Amino acid sequence: MKKTSPVSRSGRFARGPGADVTRFTESISFDRRLWRHDILGSLAHAAMLRKIGVLSRAEAAAITRGLKTITREIEAGKFRWKTELEDVHMNIEAELTRRVPAGAKLHTARSRNDQVALDLRLWLRDEIILLLAAIADLQRALVSLGEKNADVWIPGYTHLQRAQPVYLAHHLLAYVEMLERDCERFWDCHSRVNVCPLGSGALAGSTLPLDRVLVARLLGFVDVNGRPQLTQNSMDAVSDRDFAVEFCAAGALLAVHLSRLAEDVILWTSAEFNFIKISDAYTTGSSLMPQKKNPDIAELARGKSGRVIGNLVALLTLLKGLPMTYNRDLQEDKERVFDTADTVRATTQLMAAMLKNTKVNHATCAAAANDPALLATDLADYLVKKGMPFRQAHHTVGAVVALAEILDKPLNKLSLAELQSVDKKFGRDALDVFNLKRAMTERSLIGAPGTKEVVKQLTRWRKLLQT
Ligand code: ARG
């Protein structure tokens, strides 16, 4: 048998795998990024094996020392990863055993099936924390942009048609709300990631008296009250990737939110809107048209949502036909999870950086927000306050808008006589409705885009997002 054959083939196999098989089945090219978590898991497993007497004190110490040396070598880029050894688990174990004979005992009552489930959970747990920090930073960037431009009004849109005036901050805070729900989803997902599968073996646990609780505690698999979190069914534990699906689903929704924010940014930087200007460092040029400044970060944020959604679909498709328990298909989960994690975190960070380097064009925002048509609904509300049923008020103001169009006048330039030609209920105070500043103070409901409420929301978020 060839020396380079993985331990998983020793004994039963007459020869090593063919080169094409090795290339096809390896995962070391991508799962090596789990190395730190793989070693952490092995350290905990070794400590537990020592406690139950499988390892002597000297053996456990030698294994721990060996794993620490390997850690330093990997960190220094000096560790030689071998494709013939298939994956991160066997690479590290083989190298450990080559140096420390007791390494051969490390895999006692452990299978790569529970090991890989453990590694992925440990990795994802860290990744979620990093992602949550990145999302909070993007939320802070949105709040800051809102605060810096606290008195800027823009039209709010429905159907991408001007609808009613809002504070720019109100629009930005809508994304802060969306991102907060993303955080909640990732936290919720975290609670199911944070469950220790080690001790499940290949699928049926072990006949050895493992101390699963100790391992869970050592690896921080505890809930908020410090209670250890252990998988309760060995078959489920090695075949379950629900936590990965949940992460990819929460990631897909986050990517969609980032894509929508990106779309607003793209629209707002266009000459047609001209609401914002992204600083040069965060835009790119055209290779042909010298005048162009393109919002490529936002466009890529929008574009990358496609692959993140794809990762979720790929993962679900991967799982749907699998019989119990572990099947090699599951090796395909990692690249999807890694790609989602990398893509959403980088996108979140870049969007935050871009927004921190974005200026608001007050003049164009004001010009757009001052379109009196945005207050047509306020004029209908005026009639409602005079006792007119809303449906009738809606119709009446519709007729006023039509009249203004015929007379080629902005709504707020109609005379009292012209207004009264449509309906006698219009009084001298009707045109006061078009005072935008006043109109904004009147939107005072909880969650409304009015002056007081937006300040309140900005303050609320500033406090919540304090670091
Ligand atoms: N590289 C494998 C994976 O990523 C590790 C588990 C392999 N287990 C096995 N029985 N072949 O899923």
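Biologist: Which residues are around the ligand?

Modeller: In this predicted model, the residues around the ligand are Ser27, Asp31, Asp87, His89, Arg112, Asn113, Val116, Tyr326, Arg328, Gln331 and Lys334. A residue belongs here if one of its heavy atoms lies within 4 Å of the ligand.

Biologist: How do the residues of this shell divide into nonpolar, polar and charged?

Modeller: The shell holds 2 nonpolar, 4 polar and 5 charged residues. Tyr counts as nonpolar by the convention applied, and Gly would count as polar.

Biologist: What makes the approach of Asn113 to the ligand a polar contact?

Modeller: The cut-off is 3.5 Å between N or O atoms. A nitrogen atom of the ligand lies 3.0 Å from an N or O atom in the side chain of Asn113, so the pair qualifies as a polar contact. For Gln331, the distance from a ligand nitrogen atom to a side-chain N or O atom is 2.9 Å. For Lys334, an oxygen atom of the ligand is 2.7 Å from such a side-chain atom.

Biologist: How much of the ligand does the protein bury?

Modeller: Taken alone, the ligand exposes 340 Å², and the protein buries 87% of that.

Biologist: Which helix gives the largest share of the shell?

Modeller: Helix H6 (residues 112–148) does, with 3 residues.

Biologist: Why is H6 called roughly parallel to helix H10?

Modeller: H6 and H10 (residues 242–269) pack at an angle of about 20°, with their axes 11 Å apart. Angles under 35 degrees count as roughly parallel, and therefore H6 is roughly parallel to H10.

Biologist: What is the handedness of the crossing in which H6 passes H10?

Modeller: The crossing of H6 past H10 is left-handed.

Technical notes: Residues numbered from 1 in each chain as written. Predicted model: local features only at pLDDT ≥ 70, side-chain atom pairs only at ≥ 80, totals over all residues. Heavy atoms only, no water. Polar contact = N/O pair within 3.5 Å; in protein donor to acceptor, adjacent residues only side chain to side chain. Areas by Shrake-Rupley, 256 points an atom, 1.4 Å probe, with all protein chains shown as cover. Helix = DSSP H or I, 4+ residues; strand = E, 2+ residues; numbered from the N terminus. Axes fitted to C-alpha atoms, helices over the stretch in contact; angles between N-to-C directions. Parallel < 35°, antiparallel > 145°, perpendicular 65-115°, else oblique. Left-handed = near helix turned anticlockwise from the far one by under 90°.
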